[in-house]
Amino acid sequence: MPNRSSRRAFLASGLALPVAASAAPAQSMTFGVLGKTGLKVSRLGIGGNVASDPSVLLLAYDLGVNLFDTARSYNSGNSERVLGSLFKDKRKNVLFQTKTTARTKDEALRDLETSLRDLATDYIDIWHLHGRNTPAEVNDGLFEAQRLARQQGKIRFAGVSMHFTMKDMIPYLVKLGQTDVILTSYNFSMPPEMEMEKHIAAARAAGLGIVAMKTMAGGFARIQRGDRLYTDNPQALTARLKQPGAMAAALKWALRNKSVDTAIVAVTDREQLEENVAATPAPLTDADLGLLAAQLDFIRPLYCRMCGECTGRCPQGLPVGDMLRILSYADGYGSLPLARERFRELPERVRQVRCADCASCAVACPHGVRVASRLRKAQQLLG
Ligand code: SF4
Ligand code: SF4
């Protein structure tokens, strides 16, 4: 099958957009308005999936970040508790977005009470239904829970987050008209046929606030150099990954889209935070596009573009995209505990499958991801 995520296609899609001749030094945090919510939001937010050092979170606040992301399920609830205790005295200056994986109204409302308690607040700014990749994963009961919570003043705005199949989910949510904010995967690795720009622009035009996530496409440039999770030849890997500026370029790529109100990025240390803050107001340059093209060459066989085209293709019932995303927490973002935690949440029957038992793999990724070998690695590392 032809590889549709070619370097040439990537450069062509990037170069079709306005690109500045050179990067300008960052001056300060920039802000946008989050769709019809009217919330003034820093264009860089902090993602909560990877645990941040509290001092890094406070520094982010000092540097102008006002959006802090978390979820009921992150770090067994500890992510919410850390934010709650850190920002208790600054609550009116920050925006909290959290999420629930609940499948029913009652379950969702119970989750909300726990989130309110752990975030030490009496309201959530944006409350997302977490990881809803198909219309079947949202329902009237969940929307009713969001409406009720809003009437009671427990949330300000209702959101839905999604990792895959945005071409189905975004238009569906726009049509339903029950959602104020979407939190969507969006990065430079996504091929033009996913039509992310079109769907994001349509949602923004309909008044939805747009929060981007997964902007680093796996964060592969930020792994520990020489990390043996990847290879037996860490020196060769180090040479390939030495691309200073690639992650900043990835953030600039996402924020060059003016329909994107903000991007949440997980940071584990001060260096990453400062690099992201500096990148936020900076224009995307030709040099950035070159870095991203090289990055795409490296991640092509590794990183799932989240198109959802392989959904239901594995005869053993593996949720391929989800498993690849979980693996990227370990070998892209460098957080093995997080990947193990997410892997443990998969159903038992999924965790028991071994790709090594298949003579050949029935899942052919049109974007060049080596599905079977990646999933074997996930099963070895995380199972
Ligand atoms: S593995 Fe390939 S086909 Fe499946 S969701 Fe990821 S990019 Fe799409
Ligand atoms: S090798 Fe392919 S077909 Fe077999 S279990 Fe893994 S993903 Fe499914």
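Helices here are DSSP runs of H or I with at least four residues, strands are E runs of at least two, and both are numbered from the N terminus. With that in hand, here is a friendly tour of a predicted model, in which helix α12 gives the most to the lining of the largest pocket, with six residues. Two ligands come into the picture as well: ligand 1 takes up the space of the largest cavity, and ligand 2 has a shell with no charged residues.

A word on conventions: residues are numbered from 1 along each chain as its sequence is written, while chains are lettered from A and ligands numbered from 1 in the order in which they are written. In this predicted model, local features need pLDDT of at least 70, side-chain atom pairs count only at pLDDT 80 or more, and totals for chains, interfaces and linings use all residues, while side-chain values use heavy atoms and leave out hydrogens and water.

**The largest pocket**

- The largest pocket holds about 840 Å³ of space. (A pocket is an open set of points on a 1 Å grid over the protein atoms alone, with protein on both sides within 12 Å along at least five of seven lines; lining residues have an atom within 4 Å of a point. Grid points are joined across faces, edges and corners, and a volume is the space filled by probe spheres set on the points.)
- Its lining is made of 35 residues, with Asn133, Pro319, Asp322, Arg325 and Leu346 nearest the centre.
- Two elements, α12 (320-331) and α14 (348-352), give two or more residues to this lining.
- Sorted by class, the pocket lining has 13 nonpolar, 14 polar and eight charged residues. (Ala, Val, Leu, Ile, Met, Phe, Trp, Tyr, Cys and Pro count as nonpolar, Asp, Glu, Lys and Arg as charged, and the others, Gly among them, as polar.)
- Both domain 1 (7-299) and domain 2 (320-382) supply at least three residues to the pocket lining, with domain bounds taken from an automatic or database domain assignment.

**Ligand 1 and the largest cavity**

- The structure holds two cavities of 30 Å³ or more. (A cavity is a set of grid points where a 1.4 Å probe fits but cannot get out.)
- About 90 Å³ of space lies in the largest cavity, and among its 14 lining residues Cys304, Cys307, Cys310, Leu324 and Cys365 are closest to the centre.
- The cavity lining divides into ten nonpolar, two polar and two charged residues.
- Ligand 1 occupies this largest cavity. (A molecule sits in a cavity or pocket if more than half of its atoms lie within 2 Å of its grid points.)
- Around ligand 1 you will find Cys304, Arg305, Met306, Cys307, Gly308, Cys310, Leu324, Cys365, Pro366 and His367. (A residue is near a molecule or strand if one of its heavy atoms lies within 4 Å of it.)
- By class, the ligand 1 shell has seven nonpolar, two polar and one charged residues.
- Met306 lies in the loop between α11 (286-299) and α12, and has a positive phi of about 65° although it is not a glycine.
- Met306 is also buried, at a relative accessible area of 2%. (Buried means under 20% relative accessible area, exposed over 50% and partly exposed in between, with a 1.4 Å probe and protein chains only.)

**Ligand 2**

- The residues surrounding ligand 2 are Cys314, Pro315, Gln316, Leu318, Val353, Cys355, Cys358, Cys361, Ala362 and Leu375.
- Nine residues of the ligand 2 shell are nonpolar, one is polar and none is charged.

**Buried helix residues**

- Helix α9 (residues 246-255) is largely enclosed by the rest of the structure, because ten of its ten residues are buried.
- Lys252 and Trp253 are among the buried residues of α9.
- Gln272, in helix α10 (residues 270-279), is buried with a relative accessible area of 12%, and its C-alpha lies 8.9 Å from that of Met247, 25 residues away in sequence.
- Asp331 belongs to helix α12 and counts as buried at 0% relative accessibility.
- The C-alpha atoms of Asp331 and Leu381 are 9.9 Å apart, with their positions 50 residues apart along the chain.
- Val350 sits in helix α14 and is buried, with a relative accessible area of 2%.

**A loop residue with positive phi**

- Most residues other than glycine have a negative phi.
- Thr165, in the loop between β7 (155-162) and α6 (166-176), has a positive phi of about 50° and is buried at 11% relative accessible area.
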